[in-house]
Structures are given as C-alpha cells and as structure tokens.
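I opened this notebook to record what I looked up in the structure, entry by entry.

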Amino acid sequence: MKRRNFLSFCAAAGACAVLPGMSLANVARPFPKGMVTFTFDDGIVSNHRYALPILKSRGQVATAGIVVSRMLSGNDDYMNVEHVRELAASGWEIASHSLTHSRPTQIPKTLAQEPVSGWHVDERDPARYQTQYEYERIAGLYQDGKPLTEAPSLEAMASCQGCYWLDRAIAELHVRPLRGGDPSTLDILAGSYQREMEQSKAMLLELGFDVDTYIAPHNYWTDDVEVLSRRSYARACTGRDSDNRPGTFNAHAIRRFMVHEKDSAQALARIITDHSLEHGGWVVFCFHGVGDKTGWEPYPADKLDQLSAWVAEQGIPMVTVREGAKAMQAARQNDTKQKTIAKKGS
Ligand SMILES: [Zn+2]
C-alpha cells in the first residue's frame with residue numbers, strides 16, 4: 001500500500017478515527033489485512049544505505065531505533081545525525097533505542113540509585129579513589145554532572161584526568177576524578193536505566209527528532225522498567241509476548257518478531273499471512289543491519305526487497321510503530337465503546 005493510501009485505509013477500517021455509524025463487523029476486525037511494521041535496531045549505517053532506498057521505492061516507511069551514544073560516536077558502522085535526519089525526512093519514525101544499549105539489570109535502575117558511595121583514596125596513587133561497585137556495567141560515570149571517560153586499564157589512568165576503570169573480575173571501580181578532595185564529597189553518579197530512557201529522548205528531541213517510542217535494547221524488559229517507560233514514552237517495543245491485536249493491546253509491551261540472517265522472505269511472509277492477513281493482527285519485525293556484514297544477524301538486501309515487494313502486492317498497510325500503535329489503541333477504544341452500547345441496548 002502506498003503512503004498516500006494509508007489515511008484512506010484508516011478511514012475505511014475505522015481505526016485512525018472513531019467513525020459514527022460504524023458496523024459491528026468493522027469493530028470485530030478493524031484491520032481487514034492487518035498491518036506490518038519494519039523496525040531496524042541499533043542505528044547501523046546499512047539501514048540508510050540499503051533499507052531506505054528499498055522501502056522508499058515503494059512508498060514504504062519504517063522505524064529506526066537509535067542508540068544515541070553510537071550515533072554521536074563518529075564510528076562509521078553507525079548512522080550519524082545527518083543519516084538519521086534523512087530517514088526522518090523520508091517519513092521514517094525515529095525511536096530511542098537508549099543511550100548505551102544496556103540491560104536494566106546491568107546498571108542502576110533509577111536516578112535515585114545513581115550515587116556511587118564508599119570511596120577511599122588508593123594507597124598506590126593518592127590522585128585515585130576506589131570503591132566496590134555492585135553492577136555489571138557502567139553506562140556513563142559522571143562527576144558534578146560532567147561525564148568521565150573510560151580508561152583502557154588501571155595503568156592508563158596515570159596519564160588521564162577525569163577517567164575511570166572498572167575491574168570486573170573483583171567488582172572494583174577506580175576513578176581519577178576531575179575534582180579530588182574528601183572521598184565522601186566526590187559526587188559521582190553511575191548512569192541508570194531511567195537516564196538511558198530519559199536522556200536519550202531529550203538528546204534526540206534537542207536534535208530536532210520527534211521521538212515518543214522506545215525500543216528496549218536486547219528486547220529486555222521488566223515490570224518496573226515498564227512503569228518508568230510510561231513517564232517518557234507513549235509506547236515501547238519490548239520483546240514481551242503479546243498478540244498485538246486490538247482487544248488485548250498494550251502500547252508499552254509491543255511484540256516484535258526477531259528477524260534472523262537465514263530467514264527467507266517466504267518465511268517472514270508466512271508470519272504476516274498467519275497474523276495479519278488471517279487474523280487482522282499487527283506484525284512488527286525486528287531487523288538490525290541490512291545488506292552487508294555490519295550489526296547483529298544482518299539481513300540480505302535482496303530478501304528485504306522481496307519481502308517489501310510482497311507486502312506491497314498484498315496491499316497490507318506498512319506503518320511505523322507510532323502509526324500502528326495509535327491505530328490499535330483507537331480500535332481498542334472503539335471496541336470498548338461498541339461493547340458499552342451493546343450492553344446498554346440489551
Ligand atoms: Zn539493539
């Protein structure tokens with residue numbers, strides 16, 4: 001389906017607006033052919049190089065999950081800000097895929113849990129401090145709000161100012177702070193998952209991207225993270241099991257089908273047939289790299305092209321995560337309304 005047909009599809013399906021006089025048959029199945037969404041995680045440059053032109057040739061759009069620190073890293077495996085702007089200008093949705101791609105179990109969960117305490121001066125070097133660190137990973141370390149840099153080793157810390165090194169084997173965190181003094185006044189924070197969500201969104205907004213969707217790194221999700229995500233995001237893709245159908249839709253637990261390198265276009269088309277064409281459901285695929293060797297399980301460009309062509313031939317609406325979720329929520333509300341009317345009438 002071409003982009004320009006999406007709104008007329010919504011109107012016909014009664015999904016994007018609650019239309020007066022809608023029949024119960026429409027309510028039972030608001031999306032006659034279902035919907036399909038392609039998401040691309042990690043902001044890999046091949047999304048811009050291969051996926052964008054393939055989808056653009058058929059007027060199709062997708063959602064890109066951007067890891068903000070990678071976009072700004074200068075590493076040319078990842079899209080830079082200009083690449084991402086080009087996706088947005090072509091109608092793609094830009095979503096946050098966090099700041100540093102951490103799991104919520106690897107770092108502090110909330111801002112309140114960020115302060116690192118227990119510091120004492122390192123006897124071997126009085127400019128250094130150390131403490132025990134209870135988390136597996138550091139998603140940014142900050143002193144007085146300023147980021148510290150990660151040193152490659154304990155020895156390398158001799159020549160850097162404002163740096164840290166985590167000895168993972170014994171969970172010992174070493175820091176050579178920007179400002180020394182009494183160990184109890186160092187004011188050092190370790191980035192939390194709440195920061196991953198909130199700051200990545202703030203930075204993307206600052207760059208001019210319209211962001212209200214979160215895509216969980218590693219599809220890792222917990223109940224308390226879901227509660228946190230509701231503060232900043234209208235919706236989240238989480239890898240949780242849900243059927244993405246109007247009756248049970250949870251916008252903060254959008255289910256995605258993981259796409260593997262070896263999956264044929266036919267196998268993916270079968271998933272769409274089973275869920276979208278036969279049941280009017282919404283299929284959301286999770287791709288990473290496309291067309292080259294970069295990223296997790298990169299999907300061959302010719303197979304992506306075949307799948308995109310098949311979706312277009314079938315006339316199945318291809319939507320962004322934002323569009324799909326809004327349509328599902330509208331259908332759910334409408335369903336509830338109709339049930340209330342039917343109840344009152346009975
Ligand atoms: Zn990822």
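**Entry 1. A strand pair.** I began with strand S8 (residues 163–167) and strand S9 (residues 172–176) of this predicted model. They pair in the antiparallel sense, and five bridges join them. Within the pair, I found Leu166 standing opposite Leu173 in S9. I noted for reference that strands of a sheet pair through backbone hydrogen bonds, either parallel or antiparallel.

**Entry 2. The sheet around that pair.** I then asked in what order the strands of the open sheet lie. The order is S4-S5-S9-S8-S7-S6-S10, which gives seven strands with mixed pairing. At the edges I found strand S4 (120–122) and strand S10 (188–190), each of which pairs on one side only. I also looked up the twist: neighbouring strands of this sheet are turned by 35° against each other on average, direction ignored.

**Entry 3. A residue on the edge strand.** I chose Val121, which lies in strand S4. Is Val121 buried or exposed, or something between? I recorded Val121 as partly exposed because it has 14 C-beta neighbours inside 10 Å, whereas 20 or more would be needed for a buried residue and 12 or fewer for an exposed one. I next listed the contacts of Val121, leaving aside neighbours within four places in sequence, and found Pro126, Tyr129 and Pro183. I also checked the distance from Val121 to Val175: the two are 54 residues apart in sequence and 9.7 Å apart in space, C-alpha to C-alpha.

**Entry 4. Strand S14.** I turned to strand S14 (residues 282–287) and asked how many of its residues are buried. The count is six of six, so I entered the strand as mostly covered, given the cut-off of 20 or more other C-beta atoms within 10 Å for a buried residue. Both faces of S14 are covered. On one side I listed Trp282, Val284 and Cys286, and on the other Val283, Phe285 and Phe287, all of them buried.

I then looked for the partners of S14. Strand S1 (residues 35–41) pairs with S14 in the parallel sense over six bridges, and Val36 stands opposite Val283 in S14. Strand S13 (residues 257–258) also runs parallel to S14, joined to it by two bridges. There I found Met258 opposite Cys286 in S14.

**Entry 5. Helices H6 and H7.** I examined helix H6 (residues 193–206) and helix H7 (residues 223–232), whose axes come within 10 Å and cross at roughly 20°. I entered H6 as roughly parallel to H7, because angles under 35 degrees count as such. The crossing of H6 past H7 is right-handed. From H6, the residues that meet H7 are Tyr193, Gln194, Met197, Glu198 and Lys201. From H7, I listed Val225, Leu228, Ser229 and Ser232. By class, this contact of H6 with H7 has four nonpolar, three polar and two charged residues.

**Entry 6. Helices H8 and H9.** I repeated the exercise for helix H8 (residues 265–277) and helix H9 (residues 301–314). Their axes come within 9 Å and cross at roughly 30°, and that makes H8 roughly parallel to H9. H8 passes H9 in a right-handed crossing. The H8 side of the contact holds Ala265, Leu268, Ala269, Ile272 and Leu277. The H9 side holds Lys303, Gln306, Leu307, Trp310, Val311 and Gln314. By class, I recorded eight nonpolar, two polar and one charged residues in the contact of H8 with H9.

**Entry 7. Positive phi values.** Most residues other than glycine have a negative phi. I therefore noted where the sign is positive in a residue that is not glycine, and entered His218, with phi near 60°. His218 is found in the loop between strand S11 (213–215) and H7. With 14 C-beta neighbours inside 10 Å, His218 counts as partly exposed.

I also entered Glu297, which is not a glycine and has a positive phi of about 40°. Glu297 is placed in the loop between S14 and H9. Glu297 too is partly exposed, with 14 other C-beta atoms within 10 Å.

**Entry 8. The whole chain.** I closed with totals. The secondary structure of the protein chain comes to ten helices and 14 strands. Of its 346 residues, 43% count as buried. Among contacts between residues at least 6 apart in sequence, 70% join residues at least 24 apart.

Terms used. Residues numbered from 1 in each chain as written. Predicted model: local features only at pLDDT ≥ 70, side-chain atom pairs only at ≥ 80, totals over all residues. Pairing = 2+ DSSP bridges. Helix = DSSP H or I, 4+ residues; strand = E, 2+ residues; numbered from the N terminus. Axes fitted to C-alpha atoms, helices over the stretch in contact; angles between N-to-C directions. Parallel < 35°, antiparallel > 145°, perpendicular 65-115°, else oblique. Left-handed = near helix turned anticlockwise from the far one by under 90°. Contact = placed C-beta atoms within 7 Å. Nonpolar A, V, L, I, M, F, W, Y, C, P; charged D, E, K, R; others polar.
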